[in-house]
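Colleague: I've just opened this one and I'm new to it. Could you walk me through it?

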Amino acid sequence: MRLTHVDPLARKSTLQRQWERLARTPFGRWYGIHLASPVDAMLLRASGGRLRLVGPLPTATLTTTGARSGRLREVPVVYFHDDSDVIVVASSFGRDRHPAWYHNLVAHPDCRLNDLTFTAAEVTDPDDYERLFGLAERVYAGYADYRARTDAIGRHIPVLRLTQT
C-alpha cells in the first residue's frame, strides 16, 4: 500500500467536515474505540488501503514491534506530513493511558507505515510540539477534545515524528 501525502493545511471537503462532526460526538468516540480501531488495520490491509471505518480521515497501518513481546503489531493511525516526515499523535481517543503502539515505538523506534520503513522519535521541543499539535487539530479537530480530556487527568499526549529510512 502506498502512503498518500497528507497536507494538514489543505481545505477539508464537506464530507470530511461532516464526518468530523459525527466523530466528535460521544457515539463517534465510542465507534472509533470499539469498532473502527480494532477493525481498520485488517480492513486497510485487505483492501489495499482503500477501505476503512474511519471514513475520510487519513489513515495508514502502523506496524511496530511489541515493547515486551517482541511480536509485530499492526494498528491503524491517523497521520499527516510535515515536509518529508510523517506525524502521528498518540491520543488514544483522550483516554487515561497512552496507546500500546506508543510504548512499542519508544522501546523499538523502527517501524513501518503501510509499506514504508521509518524511525520514530517523540517530539520534545515545546515549540515544535505546539506547532505540530496545531496542525494535527487541522487534520482532525477532535484532537482538541482529546487534549482537553487528558489535560484534566494530567496526561500529556505524545506527538511522534516518523522519518523514512
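Colleague: Which residues form a nonpolar patch on the surface?

Modeller: First, this is a predicted model, where local features need pLDDT of at least 70, side-chain atom pairs count only at pLDDT 80 or more, and totals for chains, interfaces and linings use all residues. Residues are numbered from 1 along each chain as its sequence is written, and side-chain values use heavy atoms, with hydrogens and water left out. A patch takes residues with over 30% relative accessible area and no salt bridge, joining nonpolar side chains (Val, Leu, Ile, Met, Phe, Trp, Tyr) within 5 Å and like charges within 9 Å. With about 390 Å² of accessible area together (Shrake-Rupley, 1.4 Å probe, only the protein chains shown counting as cover), the members are Leu22, Phe27, Trp30 and Leu35.

Colleague: Is Leu22 buried, partly exposed or exposed?

Modeller: Buried means under 20% relative accessible area, exposed over 50%, and partly exposed in between (1.4 Å probe, protein chains only). Leu22 sits in helix H1, residues 14–23; helices (H or I, at least four residues) and strands (E, at least two) are DSSP runs numbered from the N terminus. Its relative accessible area is 39%, so Leu22 is partly exposed.

Colleague: Which parts of the chain does the salt bridge of Arg24 and Asp145 tie together?

Modeller: A salt bridge here is a side-chain nitrogen of Lys or Arg within 4 Å of a carboxyl oxygen of Asp or Glu. Arg24 and Asp145 meet at 2.7 Å, N to O. They are 121 residues apart in sequence, so the pair ties together the loop between H1 and H2 and helix H5.

Colleague: Why are Arg131 and Asp128 about one helical turn apart?

Modeller: Their side chains meet in a salt bridge at 2.9 Å, N to O. Both belong to a network that also links Asp82, Asp85 and Arg161. The one-turn separation comes about because they lie in helix H4 (residues 126–139), at a spacing of 3 residues.

Colleague: Is Asn104 buried or exposed?

Modeller: Asn104 is found in helix H3, residues 100–107. Leaving aside residues up to four places away in sequence, Asn104 touches Thr64, Thr65, Gly66, Ala67 and Arg73 (contact means heavy atoms within 4.5 Å). With a relative accessible area of 8%, Asn104 counts as buried.

Colleague: And how is Glu20 paired, and at what N to O distance?

Modeller: Glu20 is buried, with 11% relative accessible area, and Lys12 counts as buried at 18%. The two form a salt bridge, with the closest N and O atoms apart by 2.6 Å.
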